[in-house]
Each structure stands twice: as structure tokens, then as C-alpha cells.
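These notes are meant for a colleague who is opening this entry for the first time. Please read them beside the sequence and the view shown here.

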Amino acid sequence: MSKFQRNVVAAISVFAALLVAGCGQNNNPLSSTASAGQNMDFKSTDMVHGQPNAPVTIVEYASMTCPHCAAFQREVAPRLTKDYVDTGKVRMIFREYPLDGAARMASAVARCLSGDQYFSFIDLLFANQMNWIKDFDGNGQLTKEDIQQGLEQQGRFAGMSKEKVDECADNKNNLALVDANWMEGRDKYGVNSTPTFFINGVKHEGEIPYDELKKDLDPLLKK
């Protein structure tokens, strides 16, 4: 079994557990814990949603296979976008922090898209996690080919051909960008679980309910 297969099999074997536990090392994903603020570097390769001059910047580190990241994207992100991003108050920066080979591969495919198409595609992947992370051939093992088939199916909804998805999944530049975000998050900013957010440099670990997020954002907008 390849390293990719071992990583993906391990990820899927604990996927049900992740529904009630944390993604990664965080043991309490449903309560956000904040740390002191720090300066963050922004890059031309960042995936940005919102106005560049927004007074608040949220950097999100997430894994495409993390159920709690999916829950945030499903339950909180639409309200956050409507109330804060679309009104020019908040700029969102999404950075990949893949917890396994499947998330790394999915992130590489998403990197072939940009702007609204990119964010629509990651929304799609989060909303359909159980539809593309599955044993398609029924052989009892989750392989790269299974994940590839799942991503090909999701890619069709984004107007991507099978060939395009396959090319993007193995694109060395895309994978290098994903790996660089993971390493920077771990080594420079102390990320060890997903989701992790930095709100104007202040680190919050774990899923943040919308009402709690508002309590963090509104005082920053009054400064």
C-alpha cells in the first residue's frame, strides 16, 4: 500500500470520529479559543474573497476532508459573506491545511480555479464530502483512484472535464502551493488543527458559531 493510500485509509477510518471530535489535534472544535495577535504575511498566491482594503482580515486554515471545516462553510460562511464580506467589512483568505492525501489532492484541483469559481468549488467539495471521499470500486480500500473518481464527479459541476481534474490533481505547482501553505501554517503560525482562524492576527482554534464570530468582528469594525 502506498503512502497516499495509508494516509487516506487512515483519514477515512477516523472520519466518523471526526464528526464528534476535532479535525487534527484540537480536542474541542466547537468552542473557539483565541490567542494573542501576531503579524501575518500576505501573498500573491493567497485565495482572497472580499475587498483588499477591508478593515478586518480573516485567514482560515482548513482541510477539505475536515467535517468541522465543512460545517463552518455550510452554516457560518454564507452569513459571514452576506453581512461582512459583501459589504466590504471583512476580507477572507482561505489557506489549505490538508490533513491527509485526499485533502491535498482536492486542494490541488481547486487551485486550477480562481476568484468566485475557486470559492464555489471548495463550497461544493465541503457540501459533498461523503460523495467524493468514498470507496467507489468497493474493494474495501480507499485509493488515489477512488478520490480521483470522486473529484472528477464534483469537477463536472464546476465545468471541469475529467482530463482537467486529473491534470490539476497531479499538478506540481498546485501541490507545491498547497504544501507551502501547510508548512507555513504549522511552522510559522502554530496551526495544528482545522479549522483555525486568524482574525486580524488573533488566532482562534476550532469552529466558531456565527454569533460568537460577530462578537469578535463588531468591536474591530468600530475602531
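1. One cut-off is needed at the start: a residue is called buried when its relative accessible area is under 20%, and exposed when that value is over 50%. The model is a predicted one, and each point below should be read with that in mind.

2. On the overall make-up, the secondary structure of the protein comes to 11 helices and eight strands. Of its 223 residues, 48% count as buried, while the surface that the protein exposes amounts to about 10500 Å², with carbon and sulfur atoms supplying 50% of that area. Among contacts with a separation of 6 or more, 78% are made by residues 24 or more positions apart.

3. In soluble globular proteins, nonpolar side chains tend to be buried together. Here the largest nonpolar core has 30 residues, and those touching the most other members are M64, F94, V109, Y118, W132, I147 and L151. At least two residues of this core come from each of the helices α3 (67-75), α5 (101-110), α6 (115-127), α8 (144-157) and α9 (162-169). Another core, of 16 residues, lies apart from it and includes I58, L80, V90 and L217.

4. M64 deserves a closer look within the larger picture. Once its neighbours within four places in sequence are set aside, M64 is in contact with F94, A103, A106, S107, I122, L125, F126, Q129 and W132.

5. How do α3 and α6 pack, and at what angle? Their axes are 9 Å apart and the angle is about 120°, so the two helices are oblique to each other. The crossing in which α3 passes α6 is left-handed. At this contact, C69, A70 and Q73 of α3 meet I122, D123 and F126 of α6.

6. Is S107, a residue of helix α5, buried or exposed? S107 counts as buried because its relative accessibility is 2%, a value that falls under the 20% cut-off. Apart from neighbours within four places in sequence, S107 is in contact with M64, E96 and V178, so that the contact between S107 and M64 appears from both sides of the pair.

7. E145, which lies in helix α8, offers the contrasting case, since a relative accessibility of 53% makes it count as exposed. Along the chain, E145 and D135 are 10 residues apart, and their C-alpha atoms are separated by 9.3 Å.

Terms used:
Residues numbered from 1 in each chain as written. Predicted model: local features only at pLDDT ≥ 70, side-chain atom pairs only at ≥ 80, totals over all residues. Heavy atoms only, no water. Core = buried A, V, L, I, M, F, W, Y, C linked by side-chain atoms within 4.5 Å. Buried < 20%, exposed > 50% of the residue type's maximum accessible area, 1.4 Å probe, protein only. Helix = DSSP H or I, 4+ residues; strand = E, 2+ residues; numbered from the N terminus. Contact = heavy atoms within 4.5 Å. Areas by Shrake-Rupley, 256 points an atom, 1.4 Å probe, with all protein chains shown as cover. Axes fitted to C-alpha atoms, helices over the stretch in contact; angles between N-to-C directions. Parallel < 35°, antiparallel > 145°, perpendicular 65-115°, else oblique. Left-handed = near helix turned anticlockwise from the far one by under 90°.
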